[in-house]
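Me: I have a complex to go through with you. Please answer my questions one by one, briefly.

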Amino acid sequence: MNRFVAHFAIFSFLAFGSLCGSPAIAKEIDFNRDVRRILSDKCFTCHGPDGEQRQAGLRLDQQISAFAKLESGETAIVPGQPGESELVHRITTDDEFTQMPPPESEKQLTAAEIAILKQWISEGGKYQKHWSFITPTRPKVPTSDRAGFVRNPIDHFILKKLQETKLSPNPQASKETLIRRVKLDLTGLPPTIQEIDAFLQDDSPKAYEKVVDRLLSSPRFGEHMARYWLDAARYGDTHGLHLDNERAIWLYREWVIDAFNNNKPFDEFTIEQLAGDLLPNPTVDQKIATGFNRCNVTTSEGGSIAQEYLVRYAVDRVETTSTVFMGMTMGCAVCHDHKYDPFTMTDFYSMFAYYYSLTEKAMDGNALLPPPTMKVPTPEQQQQMEQYSTQIAALQKDIKEKLLAVEYTDPTPDASQELSREDFVWIEDEVPNGANPQGNTPWEFVSVEKKPVFSGKTASTRTAEGLSQHFFTDAKPLLTIGAEDMLFAYVYLDPENPPKEIMLQFNDGSWNHRAVWGDKNAIDWGELGTASRQYLGELPALGKWTRLDVPIAKVGLKAGSKLNGWAFTQFGGTVYWDKAGLNTITPQAGMQFESLARWDAVQRGLKGEGLPGNIANLIKIEPDKRNAAQQNQLKDYFLEKVYKGSQEIFGPLNTQLAALEKSKNELDQQIPSTLIMQDLKEKRQAYVLMRGEYDKPDENRPVEPNVPAFMPPLPEDAPKNRLSLARWLVSAEHPLTSRVTVNRYWQKFFGTGLVKTAEDFGSQGESPSHPELLDWLAVEFRESGWDIKAMQKLIVMSGAYRQSSVVDPQKYTTDPENRLLARGPRFRLDAEMVRDNALYLSDLLIERVGGKSVKPYQPKGLWNAVGYTNSNTANFTQDHGEALYRRSMYTFWKRTSPPPTMSIFDAPSREACTVRRERTNTPMQALALMNDIQFVEAARRYARRIMTEAGETDREKIVWAFRTATSRMPDEKEIQVIQKLLTTYREKYVQNPDQAQALLSVGESPREESLDVQQQAAWTMIANLILNLDETISKG
Amino acid sequence: MDPILEHKQLMTRRHFFSKSAMNVSVGSAALASMTGPQLTAADTGQPTGGILHAPHFPAKAKRVIYLFMSGAPSQLDLFDHKPKMDEWYDKDLPDSVRQGQRLTTMTSKQKRFPIAPSKFKFQQHGNSGAWVSELLPHTASVADDICFIKSMHTEAINHDPAITYIQTGSQLPGRPSLGSWLSYGLGTMNRDLPDFVVLTATWTGRKSAQALYNRLWGAGFLPSKYQGVALRSQGDPVLYLSNPPGVDPTARRQMLDGLSQLNQKLYAEVGDPEINTRIAQYEMAYRMQTSVPDLTDISNEPKHVLDMYGPEVTKPGTFAASCLLARRMVERDVRFVQIFIRGWDQHGSLPNDISNQCRDVDQGGAALIKDLKERGMLDDTLILWGGEFGRTIYCQGGLSRENYGRDHHPRCFTMWAAGGGIKPGMTYGQTDDFSYNITENPVHIHDLNATILHQLGIDHERLTYRYQGRDFRLTDVHGNIVNDILL
């Protein structure tokens, strides 16, 4: 036996010998407590639920099969008769050919295990359902008492077990320790000295309860609770796969915080997240809640096969839902019937079917908001939107009425009349429709009052030292060029400050079409003498408007070319540009006409390009096939938008309308949206997938949405949708949801759950340390109306929770993991708490609930080192101001490169559901706490507090600083250590003022200029020391 | 050492603190000697902290350097010489070869699948006669030290799932990476540096490069202390390594001495062994503040060594510089070093981009072999080279003799291994004339991972971690050791 195994055996004997039933005790065997684990570990691989792997037709997880006659004629278990039982023969024989488990399987039974199996069979071989699949009932609270320990029913259960192991509980922790522990546990932040003092002074029997009630009603409570839930929900601010672009689902995070703060009962909390969209008349909040199952990672990688990902997403949702609510992954049953638990593939794919018919696309499009999504305006935004709508409606009404008044006779009803060559103005007072204006500096329009303007209301202008330009791209409709057309623009050169050279440049997909005037080479783009830089003459006369004409052939354009962009470029000087366009006979979208018939004909030629969809559709109908209503609609459009004669009336109205629509659109863009769930109208048929492969549906095994067959069934009339699933999870009969949930709460307070494997309540998971207590809490939780705050309060009010965490060697040896709770919990704060604690102590923390994610300090280059080059999260841009000091739960979570100080302190990547964090202790953590800018800045600001808020003397300051961080008074020795260091640092920084200045410049928050630099530097080092104390980053 | 025994010893040491007046001048040296066996066990040269305590069988390799070519290099233009393809230029890939296998949606809608023969010249090299293309002259010069595996294969056909698969054994995020399994199993061999280090090198091939993901060196569901530590070429080489401005090493040492005293005192009163561990971790952090700069300072490397790695070796962040750092790390008993270089995803303009990319990696990779060999370390250092899948013989996009692109191809690709108990001068596995299907000795990525673990003394079926009710392992439920390539 190697050393590791030996240790493990000792540990498990000491820790659980009495918990799980020592083999040495000859009391009656309990199947769940004593036998199941042995069979599950050593036998189920070949004799368990998985039909494909089953050997000899023997199934040991079910009594009926184990007691039945086998193919061989033998019987594995003959109740009461170990001698007749083939199982006993097989596990005791020395014959390597019949011995079980087979020698090569390395699953040999120990002598103790063999004894248990024998005793179990001789006592009748009674089977029980796995404990966690039996609906919990409220057990009787044991009667045990111990003055000063028992505070509520929890303690009777704890005490009973302690007495069985001859351990006694610790005395209650000091009040200082207690308030620190409970405030950290309920809000994630440490108590202030004022809070500690108030508690110390309050001698009333309700003093502690008052603190608990106050903390439970703090908004920090909801944030702290939400943080754990977001691990389970795999919340992130990016898609998680491939490009890992940003995703906007932070409104869901806000919903979770609010739910905890409002103490939403856990059953509603569950139903809304799994199926809020399916509730009758769902509220906005209920739909936001469904973001829970839109938090999974998604891809849009080029080349991916959509079907493969639709399957993966549904699998992820089943695994997450089952882990979070049932403490079961079911993941094994993707490929085969579960080996240890009674999940079949059919069970898995029945759950899968709930999530297989969503409207989401397999490819997320790398979009911020891959549908289905929902807009969530604030009340102010909602009001403003409504106001815009009213104004728009009024204008539209006005236009309609004015249209009725227009009398129109077509001057040339014969549509075949030729167009004459004329100027089509493309650019006047603004860039064309839809275009995206850009430039070295933004476009600047000047109006006629101050500057030269040739036509319309404004001209664009630019003053430059050297090469400079403004331009646009993406105009729609495009400008269509005809044979022998001429591009034109009007220009005015400032006689006081003329440019060296000017250039017009056109984009038909490429910018390689340039015409220049003046110096031929000041602007050196393209090749002189070709279409890429065509010289068209001297600079025009200064101080007057001149028309520049560009024959299309000169710049490499030809009939049929279509422009989407145009650039005005200059080298030096001040230049004004005004209306520009194309001299052409080619019809253009957006042209004005006198004749309706002619416009109609032209538009038909253009196939309605540039027209609104409904008008374009009408245009495409041959005139003689349109009905009167259609013809009238066209005529109204013509009169309003196209007819030259009415533009004086409608032009300004339309401009006003466009401005309103633009404002409304811009506001609409600002309204936050979030990802939600939505089912397809026609659901996809789900099948069992052979070996879990997306492209191998077993056509013979279609499945309908359903819950696992071995669990309590759905009500008969339940619709086959997620709402039924959610209601089933929180039904009174459900054996798992309440147990799994209270276990996670227990884990939060004590570091380890009553079931250590919080993510696995199946037969491979650990048995509960206190099964009756777990059931009692589960029933209590359910019967309280799933009252989350009440459950938190119940636990923190217990004597078990209030114990001192000091551990003596005997207790440590007996129970190193503190599963029996003969002492209070003590462990390091979680990642977010470590950072929030430092921000809080240094008075930097911004206490505001909710909002978008923020990007505080992080070392340069982390995203860039891994990010796909075209990802919108390939480059990290740090925020400033308040964003640097928000609680860590608001830090932007890029899942392929999570915030480094979070990962270093064991935060999961949020790529998959996590319900239990490991807690490690590493040098990387030490480096981060000592040197990360965030923690050094916190030390600097903490020093400021020490110097301004504490007393006058060093001693007073040291005591204040130590106490604020650790919640207790330092003793003499501790004060001495710190005082000596302070003296050392004072000497150092007095001698090295530059170093003092350097240290105080870390971080973006301002320095208190009135404080002495060297003194503050010395105190900053003391603060750095204190922020690094084990005690500062632990709850004790 | 037995953790309970250790705890008892430490608890008796508490007397020293609680009974005697605490001497504030207790220095770091004294503290270091008091913080116990956990700290100093690594001095004996034996690995500490691994779950296995002893390997399953004698290890052939003590360390691994894994040169990961992210984006998937074309086996057809580097190693898998297919002279017959010349006649097949621009002819369609026969259906009999493709056998209806799935393609990515980038080319599955192409009307034709025209054959694109490699434009690069191939030659046989060394006594072993291994075929290597003209793009990799340095690698060719050490062909006799290398085992080329031409029959690698995988199921994933897109980058994210494929690279996650080869690194963690699963196409989906959430599992521990190869390096973190090694740390978990074997512990650490040194007391001054992390055990598993990752470098991401700069590249000059295709600018638009596939992403990497922290999960590729993440610990998945294992405790996070097993995750790879990035050694960076920008800013601090290890995150938060440098003291802040205005804090010199003396000031830091003084702060740490004070911290140790206060934490030690707390431990004496509270008895939580985690406090003790924390003291040790701060001491290791302090040592790293010296050992990491010492590691990354290459000013003492002789010229002939620098020359071996090529002119880029002095440019921080290049592949050559990363290779030299990898050698310096394995010399210091860092167990697992992985260098990722991106830019191999050459769907178009492959000849141009792959030439640049090969210039990036060729000399540094070959130099590692030579350098370690000269130092007598190649025998117990395993070097691996390869990407997440291969590329297609048929062209993606426009095809000419001189220019072409290739789509993803999971059905066969080439990797190479050297040192660490792998047979040198060997080519293993065969593909058909089209480098489309494997015809001999297929090696699945699980097989490769099983073999890597095997060389380090680990039975891949027995290094497991129970999570969510299942005993997980790197190779899932697969993996066969490729015994044919082992010495």
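**Domains, contacts and helices**

Reply: Let me start inside chain B of this predicted model. Eight residues of domain 1 of chain B are in contact with eight residues of domain 2 of chain B.

Me: How do the residues on the side of domain 1 of chain B that touches domain 2 of chain B divide by class?
Reply: Polar residues are absent from that side of domain 1 of chain B. What remains divides into four nonpolar and four charged.

Me: Which residues make up domain 2 of chain B, and how many Å separate its centre from that of domain 1 of chain B?
Reply: The assignment builds domain 1 of chain B from two segments, 50-234 and 316-485. Domain 2 of chain B covers 241-300. Taken over C-alpha atoms, the separation of the two centres is 37 Å.

Me: What radius of gyration does chain B have, set against a compact globule?
Reply: Chain B has 487 residues, so a compact globule would have a radius of gyration near 23 Å. The value for chain B agrees with that. Along the principal axes, its C-alpha atoms fill a box of roughly 90 × 50 × 40 Å. The radius of gyration of chain B is 25 Å.

Me: What percentage of chain B is buried?
Reply: Chain B has 14 helices and 19 strands. Among its contacts between residues at least 6 apart in sequence, 77% join residues at least 24 apart. The buried share of its 487 residues is 58%.

Me: Is helix H8 of chain B mostly covered or hardly covered?
Reply: Helix H8 of chain B spans residues 178-186. Among its buried residues are Trp181(B), Leu182(B) and Tyr184(B). What covers them includes H7, strand E7 (196-201) and helix H14 (445-455) of chain B. With nine of nine residues buried, H8(B) is mostly covered.

Me: Which residue follows H8(B), and what is its phi?
Reply: The residue after H8(B) is Gly187(B). Its phi is positive. For Gly187(B), the value is near 75°.

Me: How far apart are the end C-alpha atoms of helix H17 of chain A?
Reply: H17(A) runs over residues 379-405. At 1.5 Å a residue, its 27 residues should span 39 Å, and the model agrees. H17(A) is also hardly covered, with a count of zero buried residues. The distance between its end C-alpha atoms is 40 Å.

Me: How far apart are the centres of domain 4 and domain 6 of chain A?
Reply: Domain 4 of chain A is assigned to 379-408 and 643-671. Domain 6 of chain A takes in 831-904 and 921-1036. Their C-alpha centres lie 54 Å apart.

Me: Which element gives the most to the side of chain B that touches chain A?
Reply: The contact takes 93 residues from chain A and 76 residues from chain B. On the chain B side, the elements giving two or more residues are helix H1 (3-19), helix H7 (159-168), helix H9 (249-270) and helix H10 (273-296). Eleven residues come from the top contributor, H9(B).

Me: How many nonpolar residues does that side of chain B have?
Reply: Sort the side of chain B that touches chain A by class. Charged residues number 15 and polar residues 28. The nonpolar residues number 33.

Me: Where in chain B is the pLDDT below 50?
Reply: The mean pLDDT of chain B is 90, and 91% of its residues reach 70 or more. One stretch falls below 50, and beyond near neighbours in sequence it has 42 contacts in the model. That stretch is residues 13-44 of chain B.

Me: What ipTM does the predictor give the complex?
Reply: The predictor gives two scores here. The pTM is 0.83. The ipTM is 0.87.

Notes:
Residues are numbered from 1 along each chain as its sequence is written. Chains are lettered from A and ligands numbered from 1 in the order in which they are written. This is a predicted model: local features need pLDDT of at least 70, side-chain atom pairs count only at pLDDT 80 or more; totals for chains, interfaces and linings use all residues. Two residues are in contact if their C-beta atoms, placed from the backbone, lie within 7 Å. Helices (H or I, at least four residues) and strands (E, at least two) are DSSP runs, numbered from the N terminus. Ala, Val, Leu, Ile, Met, Phe, Trp, Tyr, Cys and Pro count as nonpolar, Asp, Glu, Lys and Arg as charged, and the others, Gly among them, as polar. Domain bounds come from an automatic or database domain assignment. pLDDT is the predictor's confidence in each residue, from 0 to 100. The radius of gyration is taken over C-alpha atoms; the globule rule is 2.2 Å times the number of residues to the power 0.38. A residue is buried if 20 or more other C-beta atoms lie within 10 Å of its own, exposed if 12 or fewer, and partly exposed in between; C-beta atoms are placed from the backbone. The expected span of a helix is 1.5 Å times one less than its number of residues.
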